[in-house]
Amino acid sequence: MRTFQSVFAGRLVVYLELRRSLGFRCHDPVFFLQSFDTFACQRNHTGPLTQELALDFAMNNPHSSTNYRARRYQVVRHFSEYLAAYEPTTPRLDPKALPHSHARPPRHIYTDDELQRILDEARRVSPKNPVRGLTFHAMIGLAASSGLRSGEVVRLGRGDVDLKTGILLIGQSKFGKSRLVPLHSTTLGVLRNYAAVRDASLPDCKDAAFFIHAGRRRYAQNTLQRVFAGLAFRAGLRGPKGRGPTFHDLRHRFAVKCLVTWYKAGIEVQGMLPALATYMGHVHYSDTAYYLKATAELLALAAERYQSWLERGEVTS
């Protein structure tokens, strides 16, 4: 974990250690509190953790979503409650200052052409460092073909990727669940090629991460998301500002592609949803329904299946 340097440094270290000891998953709090520590240093902040400081930090990026700002604010607010036990001058932060929206934004289902354009841009992302482009190409391709979350991609360790069998071990991901994910042979070929180039380019790298950058360290989740947004912009799928198609939408594409494939093969889709939920790491297969956006192709296949059902006389008037 990166060293904290702000006026809150000592308390931040102890706070995160306490959370770990209590069994809390600390990925988001660590990332946000590291960013908060940097923000406080840049502001030369020396006083208590105020409402103004927390709000300024949460809203520092004008292009971030409402919910992302709310998450940043709530992480700092929870830390301030801990801080107040030791530093009574710490004011109580308003829990409703930045409310979280429960409305789910519409998702973008990438077409084959759109995905290929993003993959092509990934290979060209850094002309002076082709390994970097190869890495992003592999990470994006892996997510598109397996439905992995961005955090699951960057947290993959070398021991989690069996390059012989094509089985991934996704350990202790969302909801504290672990699962095995078999890969398609073409995806496995991409990962094998990436691993060979990685090891040849950085033979002395000791980091346990599967995907590493030139600094011989694991990629951060927000770096992958940020670079992906830039690739989508260069592929003509996003504007220079505001929201647009995201890395997470690759997961939606994967789910819809599975349904389309099953419909075309004549497989009973309803019976396959629990298997899809397990593959994607959901606790309940009903959670998977959120990913199944009705695309034109999916609706056409469903209508065709229903018409065939009617013609066989399986529905009576």
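How many disulfides does the structure hold? I start there, and I should say at once that what we are looking at is a predicted model. The structure holds zero disulfides. As a reminder, a disulfide is a covalent bond between the sulfur atoms of two cysteines. Two cysteines are worth pointing out while we are on this subject: C41 is partly exposed, with a relative accessible area of 28%, whereas C258 is buried, at 15%.

Let me turn to the aromatic residues. A search of the whole structure finds 16 aromatic pairs, and I would like to take one of them slowly, the pair formed by Y15 and Y82. In general, a pair of aromatic rings is described by the distance of the centres and the angle of the planes. For Y15 and Y82 the ring centres are 5.2 Å apart and the planes stand at 40 degrees, and because an angle counts as stacked under 30 degrees and as edge-to-face over 60, this pair is tilted. Where in the chain do Y15 and Y82 lie? Y15 belongs to helix α1, residues 9-21, and Y82 to helix α4, residues 66-84, so the pair ties together parts that are 67 residues apart in sequence. Both of these tyrosines are buried. They are also members of a cluster, in which ring pairs link F8, Y15, F36, F39, F57, F79, Y82 and Y86.

One member of that cluster, F57, brings us to helix α3, which covers residues 51-58 and in which L53, A54, F57 and A58 are buried. Seen down the axis of α3, these buried residues fall within an arc of 130 degrees, so they line one face of the helix. The background to this is that an α-helix has 3.6 residues a turn, so residues three or four places apart point the same way.

Next, the second largest pocket, which holds about 390 Å³ of space. Its lining is made up of 19 residues, and those that lie nearest its centre are L115, G141, A144, S145 and T187. The elements that give two or more residues to this lining are α5 (112-123), α6 (130-146), α8 (185-201) and α10 (249-265). Which of the elements gives the largest share of the lining? The answer is α6, with six residues. Sorted by class, the lining of this pocket has nine nonpolar, seven polar and three charged residues.

I would now like to look at some places in the loops, beginning with two residues that have a positive phi although neither of them is a glycine. N44, with a phi of about 55 degrees, sits in the loop between α2 (27-42) and α3. Is N44 buried or exposed? At 64% relative accessibility, N44 counts as exposed. R216, with a phi of about 65 degrees, is placed in the loop between α8 and α9 (221-234), and at 33% relative accessibility it counts as partly exposed.

Two further loop residues show how parts that are separated along the chain are placed in space. S178, in the loop between β2 (167-170) and β3 (179-182), is partly exposed, with a relative accessible area of 42%. The C-alpha atoms of S178 and G281 are separated by 7.7 Å, although these two residues are 103 residues apart along the chain. L237, in the loop between α9 and α10, is buried, with a relative accessible area of 15%. What separates the C-alpha atoms of L237 and I118? The separation is 9.0 Å, for two residues that are 119 residues apart along the chain.

Notes:
Residues numbered from 1 in each chain as written. Predicted model: local features only at pLDDT ≥ 70, side-chain atom pairs only at ≥ 80, totals over all residues. Heavy atoms only, no water. 1 Å grid on protein atoms, 1.4 Å probe; cavity = no way out; pocket = protein on both sides within 12 Å on 5 of 7 lines; lining within 4 Å. Points joined across faces, edges and corners; volume = space filled by probe spheres on them. Helix = DSSP H or I, 4+ residues; strand = E, 2+ residues; numbered from the N terminus. Nonpolar A, V, L, I, M, F, W, Y, C, P; charged D, E, K, R; others polar. Buried < 20%, exposed > 50% of the residue type's maximum accessible area, 1.4 Å probe, protein only. Arc of directions from axis to C-beta. Disulfide = S-S within 2.5 Å. Phe/Tyr/Trp six-rings, centres within 6.5 Å; stacked < 30°, edge-to-face > 60°.
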